[in-house]
Amino acid sequence: MDCVIKTYRRESVLGFFKGMSFPIGSVAMVNSVLFGTYSNSLLLLSSTSPQERKAQPLNYGYVFVAGSIAGFVQAYCLAPFDLIKVRLQNQTEPRTRPGVAPPQYRGPLHCARSIIQEEGPRGLFRGAWALVLRDTPTLGLYFLTYEGLSRWLTSDSKEPGSATMLVAGGFAGIMSWTIATPMDVVKSRMQMDGLKRRKYRGLLDCVISSARQEGPGVFFRGLTLNSARAFPVNAVTFFSYEHLLRFLS
Ligand SMILES: C[N+](C)(C)CCCC[C@H](N)C(=O)O
């Protein structure tokens, strides 16, 4: 609540939409890579189409492996967009106030250009390893939770209904964010590192010094808010995916 109140007071309601333009532009591409890689990996592993899979018992090992492969691939697509989003969201200086230094980045494109000038093109992938470690297992769990729950909520050899897609998708989002939050905290800190002076010598140093200075609870910061948003976001994501897949195939 303190964060919400201070953000509103210092940056008005616009403060809550900071850094949004890049994720909006990238989320369609990132989800396309995520769900496309998942579906095709599962097709390769189980050599059954989505329709055939509904009628057969599901190999949950294949689901987890296919989801993890998708998580690994999408993390690299996501990395530059996520870095720019985190850098813009952490600019808490008010936009224009006399006597106060303006924010470092004027917007997403200026942010991208500054990072490339200061750190080279590889700078856009700062924190990518943390993103890969965060997303690879947790997206395996994401699809496993969805497939398991939707199977459990649907009577045999029937297609999951819309309510099942929404409920199973929502809980898949919460489950994956609960496991991902500790690495998400580390990922964001690594992405903010290098902005002024380098604070961490690497990913492990970031984990150890964060725990030492702020206690183990630091790795679950933002989990409540993340879960509150994860249910509706992922309920709609799986609902749309399933219906589009049926409509298109
Ligand atoms: C793997 N991790 C938990 C990070 C994300 C899983 C859900 C991703 C979804 N697009 C969302 O924004 O919630």
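**Figure 1. Serine 12 in the loop between helix 1 and helix 2 of the predicted model.** At a relative accessibility of 32%, serine 12 counts as partly exposed, because that class covers values between the 20% limit for buried and the 50% limit for exposed residues. Helix 1 spans residues 2–11, and the loop that holds serine 12 leads from this helix to helix 2. The backbone at serine 12 has a positive phi of about 60°, although the residue is not a glycine.

**Figure 2. Serine 41 in helix 2.** Helix 2 runs over residues 21–46 and includes serine 41. The relative accessible area of serine 41 is 9%, so the residue is buried. Apart from residues up to four places away in sequence, serine 41 touches Ala66 and Ile69. A distance to leucine 58 gives the scale of the view: the two residues are 17 positions apart along the chain, and their C-alpha atoms are separated by 14 Å.

**Figure 3. Threonine 138 in helix 6.** Residues 128–152 form helix 6, where threonine 138 is found. Threonine 138 has a relative accessibility of 6% and therefore counts as buried. When neighbours within four places in sequence are set aside, the contacts of threonine 138 are Ser176, Ile179 and Ala180.

**Figure 4. Glycine 170 in helix 7.** Glycine 170 belongs to helix 7, and this helix covers residues 162–192. With 0% relative accessibility, glycine 170 counts as buried. Beyond residues up to four places away in sequence, glycine 170 is in touch with Ala230, Phe231, Asn234 and Ala235. Arginine 197 serves as a second reference point: it follows at a spacing of 27 residues along the chain, and 39 Å separate the C-alpha atoms of glycine 170 and arginine 197.

**Figure 5. Aspartate 184 in helix 7.** Helix 7 also holds aspartate 184. This charged residue has a relative accessibility of 13% and counts as buried, because the limit for that class is under 20%. Aspartate 184 touches Arg134, Trp177 and Asn226, with residues up to four places away in sequence not counted.

**Figure 6. The second largest pocket.** This pocket has a volume of about 310 Å³. Its lining is made up of 15 residues, and those closest to the centre of the pocket are Arg122, Phe125, Arg126, Gly127 and Ala128. By type, the lining residues of the second largest pocket comprise six nonpolar, three polar and six charged. Domain 1 (1–125) and domain 2 (129–248) each supply at least three residues to this lining.

**Figure 7. Domain 1 against domain 2.** The domain assignment divides the protein chain into domain 1, residues 1–125, and domain 2, residues 129–248. Taken over C-alpha atoms, the centres of the two domains are 12 Å apart. Across the boundary, 31 residues of domain 1 are in contact with 32 residues of domain 2.

**Figure 8. The whole protein chain, for orientation of the close-up views.** The secondary structure consists of nine helices and zero strands, and the order of elements from the N terminus is α-α-α-α-α-α-α-α-α. Along the principal axes, the C-alpha atoms fill a box of roughly 65 × 35 × 35 Å. The radius of gyration of the protein chain is 20 Å, which agrees with the value near 18 Å that a compact globule of 249 residues would have. Buried residues make up 44% of the 249 in the protein chain. Among contacts with a separation of 6 or more, 75% join residues that are 24 or more positions apart.

Technical notes
Residues numbered from 1 in each chain as written. Predicted model: local features only at pLDDT ≥ 70, side-chain atom pairs only at ≥ 80, totals over all residues. Heavy atoms only, no water. 1 Å grid on protein atoms, 1.4 Å probe; cavity = no way out; pocket = protein on both sides within 12 Å on 5 of 7 lines; lining within 4 Å. Points joined across faces, edges and corners; volume = space filled by probe spheres on them. Domains from an automatic or database assignment. Helix = DSSP H or I, 4+ residues; strand = E, 2+ residues; numbered from the N terminus. Rg over C-alpha atoms; globule rule 2.2 N^0.38 Å. Buried < 20%, exposed > 50% of the residue type's maximum accessible area, 1.4 Å probe, protein only. Contact = heavy atoms within 4.5 Å.
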